[in-house]
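Reader: Hello! I have just opened this one and would like a close look at a single part, followed outwards to whatever surrounds it. Could you walk me through it?

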Amino acid sequence: MKRIIMGGVFFAAGVIHFLKPGKFAGIVPAIIPFKTFIAYFTGLLEIIFGILLLGGKVRNSQLTAMQAFLWAVFPANIYMYTHQRQLGLSHLPKWALLGRLPLQKLMVDMLGDIKK
């Protein structure tokens with residue numbers, strides 16, 4: 001069940017990166033260049049991760065790569081929380097942005113549970 005949930009989350013998030021690349025480019029911390037490229041690239045990775053998980057043919061090394069990916073994009077979640085107003089996210093409650101931070105750890109743990 002965790003494999004299906006995480007596969008759906010990754011796949012959906014990846015597709016949204018392609019539908020709204022500007023939104024994802026906007027949450028890349030300011031010191032990082034090539035924001036639009038990063039938005040598309042991370043979206044592509046998420047689609048690939050989703051397909052691997054939903055297809056059921058995922059290896060432990062791939063799950064480890066997915067976990068590393070989640071930690072690699074974690075700074076964007078922190079950036080969203082600390083720069084809410086500058087990113088035009090004032091309509092979102094502060095608690096929702098803060099709540100994303102432990103959610104990342106939960107997702108990493110779910111991927112760990114899938115490992116054989």
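Author: Let's start with phenylalanine 34, which lies in the loop between α2 and α3. Helices here are DSSP runs of H or I with at least four residues, numbered from the N terminus. What you see is a predicted model, where local features need pLDDT of at least 70 and side-chain atom pairs count only at pLDDT 80 or more, while totals for chains, interfaces and linings use all residues. Residues are numbered from 1 along each chain as its sequence is written, and side-chain values use heavy atoms, leaving out hydrogens and water.

Phenylalanine 34 has a positive phi of about 60°, although it is not a glycine. Most residues other than glycine have a negative phi. Phenylalanine 34 is also exposed, at 64% relative accessible area (exposed is over 50%, buried under 20%, partly exposed in between, with a 1.4 Å probe and protein chains only).

Another loop, between α3 and α4, holds arginine 59. Arginine 59 counts as exposed too, because its relative accessibility is 61%. The C-alpha atom of arginine 59 is 8.2 Å from that of lysine 116, though these two are 57 residues apart along the chain.

Now follow α3 to the surface. Together, α1 and α3 each supply at least two residues of a nonpolar patch, and α1 gives the most, with six. The patch covers about 840 Å² and is made by Met1, Ile4, Ile5, Val9, Phe11, Val15, Leu19, Ile51 and Leu54. (Such a patch joins nonpolar side chains within 5 Å, from residues with over 30% relative accessible area and no salt bridge, that is, no Lys or Arg side-chain nitrogen within 4 Å of an Asp or Glu carboxyl oxygen.) Its member methionine 1 sits in the segment before α1 and is exposed, with a relative accessible area of 77%.

The helices also share the largest pocket (open grid points on a 1 Å grid where a 1.4 Å probe fits, with protein on both sides within 12 Å along at least five of seven lines; lining residues have an atom within 4 Å of a point). Its volume is about 910 Å³. Of its 33 lining residues, His17, Phe24, Ile27, Asn77 and Arg100 lie nearest the centre. At least two lining residues come from each of α1 (2-19), α2 (21-26), α3 (35-55), α4 (60-72), α5 (74-82) and α6 (94-114). Here again α1 gives the most, with five residues. By class, the lining has 23 nonpolar, six polar and four charged residues.

Note on methods:
Grid points are joined across faces, edges and corners, and a volume is the space filled by probe spheres set on the points. Ala, Val, Leu, Ile, Met, Phe, Trp, Tyr, Cys and Pro count as nonpolar, Asp, Glu, Lys and Arg as charged, and the others, Gly among them, as polar. Patches are made of residues with over 30% relative accessible area and no salt bridge: like charges are joined within 9 Å, nonpolar side chains (Val, Leu, Ile, Met, Phe, Trp, Tyr) within 5 Å. Accessible areas come from the Shrake-Rupley method with a 1.4 Å probe; for residues, only the protein chains shown count as cover.
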